[in-house]
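Take the chain one piece at a time. Begin with a short hairpin, then follow the helices, the sheet and two single residues.

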Amino acid sequence: MQIAMRQVEIFHAIMTVGSLTKAAELLRTSQPTLSRELAALERLIGFRLFERRSRRLFATEKALTFHAEVRRSYSGLAQLSQAAAAIRDNSDQSLLIGCLPLFSLNLIPRVTSRLQASEQQFRLGVYPLDHPTLMRDLLALRYELGVVEVGVPVDGMEVEEIVVGQEVCILPAGHRLAGKNLIAPGDLDDEVLISYPSDDAYRARYQRLFLDDRTSRNVRVETPMADAICSHVQQGVGAALVNPFSAYAYRGRGVLVRRLAVAIPFVVGICRPLGRPISPLAARVVALVKDECRHMADEFGKPETWSDARS
């Protein structure tokens, strides 16, 4: 199956502007021409993209899924254009970073602030992604750097690991366990929990090292976002185990943070595709990420960092 770029352009235009008439104006062609190309594309891919109701086009569910891939391709083309412009202008001050969502909220902004204090001109693209998508896009060279929590090794990827504190337990203000300095296995057996989804690697690690199958029955809310977990705890829904970065951001805001009796290291990974030369800006950002991780590890290791939240 060979899809023509013109067909993709037509489909993208219709999805973007919402009608054949406007798409024809945008592409400076006729509606019959667009209709023929669209029909040819549907025959080629084997499924309907639009349904016509009351003289209007409505995108099918499969069209929405297909368009997500098209947008990703257009984004890749835009990145290529930016890279070409940087090469043409002999500029190395542009960097695309993929990272887990939690790092886009805390670690990377800290790095950007420090970079701004030392660099005259730079431009960062920071893209929060889930781990599988990030690994795939890094290998496809869509990003020069990735910042993740270390998990399953990926072929073709160079990963520098930094231990940044330990996982912690967070509790709503006034919780019955607030008086404990350490939360031990068994303390959460009768508590309502907020956790990652049952198929999430994070939750599997908690199950293996701290919780048990019986405790899993107490999970009232599941969400893949650490920030969403913290927010539910803040609202008094229940307790949770989370990474220290997210806990640090919520401490003292209706959230109590307690260390765990069982150490579960939180490891940050700085990822780069093997064999790709590193730009000066990327090297500077890597150094700042490592330095900021060391600073945060020191902060997370101080008992007063967490005890200050006991109000």
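Two strands count as paired if DSSP finds at least two bridges between them. Keep that rule in mind for the hairpin in this predicted model. Strand β1 covers residues 50-53, and strand β2 covers residues 56-59. They pair in the antiparallel sense over 4 bridges, so the cut-off of at least two bridges is met. Phenylalanine 50 stands opposite alanine 59 in β2. The two strands form a hairpin with 2 residues between them. Serine 54 sits in that turn and has a positive phi of about 55°.

Now step back to the whole chain. The protein chain holds 13 helices and 13 strands. It has 311 residues, and 44% of them count as buried. About 16,500 Å² is exposed, with carbon and sulfur atoms supplying 51% of that area. Consider contacts between residues at least 6 apart in sequence: 73% of them join residues at least 24 apart.

Turn next to the helix pairs. Two packed helices are described by the angle between their axes and the distance between the axes. Helix α1 spans residues 5-17 and helix α3 spans residues 31-45. Their axes come within 9 Å and cross at roughly 110°. That makes α1 roughly perpendicular to α3, because angles of 65 to 115 degrees fall in that class. On the α1 side, Gln7, Ile10, Phe11 and Ile14 make the contact. They meet Leu34, Glu37, Leu38, Ala40, Leu41 and Leu44 of α3.

A second pair joins helix α6 (residues 107-118) and helix α12 (residues 280-300). Here the axes are 9 Å apart and the angle is about 120°. The helices are therefore oblique to each other. α6 passes α12 in a right-handed crossing. From α6, the contact uses Leu107, Arg110, Val111, Arg114, Leu115 and Ser118. The α12 residues in this contact include Leu281, Arg284, Val285, Leu288 and Val289, and also Cys293 and Met296. Asp291 and Glu292 of α12 take part too.

Next comes an open sheet. Its 4 strands follow the order β8-β12-β7-β11, and the pairing is mixed. Which strands stand at the edges? They are β8 (182-183) and β11 (240-242). Each has a single partner strand, so one side of each is left without a neighbour in the sheet. For β8, 2 bridges lead to strand β12, residues 255-260. β8 and β12 run parallel. Leucine 182 has arginine 259 of β12 as its bridge partner.

Finally, compare two single residues. Is glutamate 149 buried or exposed? This residue lies in strand β5, residues 145-149. Its relative accessibility is 11%, so glutamate 149 counts as buried; the cut-off is under 20%. Beyond its neighbours within four places in sequence, glutamate 149 contacts Leu100, Phe103, His131 and Glu167, among others. Tyr202, Arg205, Phe266 and Val267 are also in contact with glutamate 149.

Arginine 217 belongs to a loop, between α9 (213-216) and β10 (219-222). Its relative accessible area is 65%. Arginine 217 is therefore exposed, because the cut-off for that class is over 50%. The C-alpha atoms of arginine 217 and leucine 193 are separated by 8.9 Å. Along the chain, these two residues are 24 residues apart.

Conventions
Residues numbered from 1 in each chain as written. Predicted model: local features only at pLDDT ≥ 70, side-chain atom pairs only at ≥ 80, totals over all residues. Heavy atoms only, no water. Buried < 20%, exposed > 50% of the residue type's maximum accessible area, 1.4 Å probe, protein only. Contact = heavy atoms within 4.5 Å. Areas by Shrake-Rupley, 256 points an atom, 1.4 Å probe, with all protein chains shown as cover. Axes fitted to C-alpha atoms, helices over the stretch in contact; angles between N-to-C directions. Parallel < 35°, antiparallel > 145°, perpendicular 65-115°, else oblique. Left-handed = near helix turned anticlockwise from the far one by under 90°.
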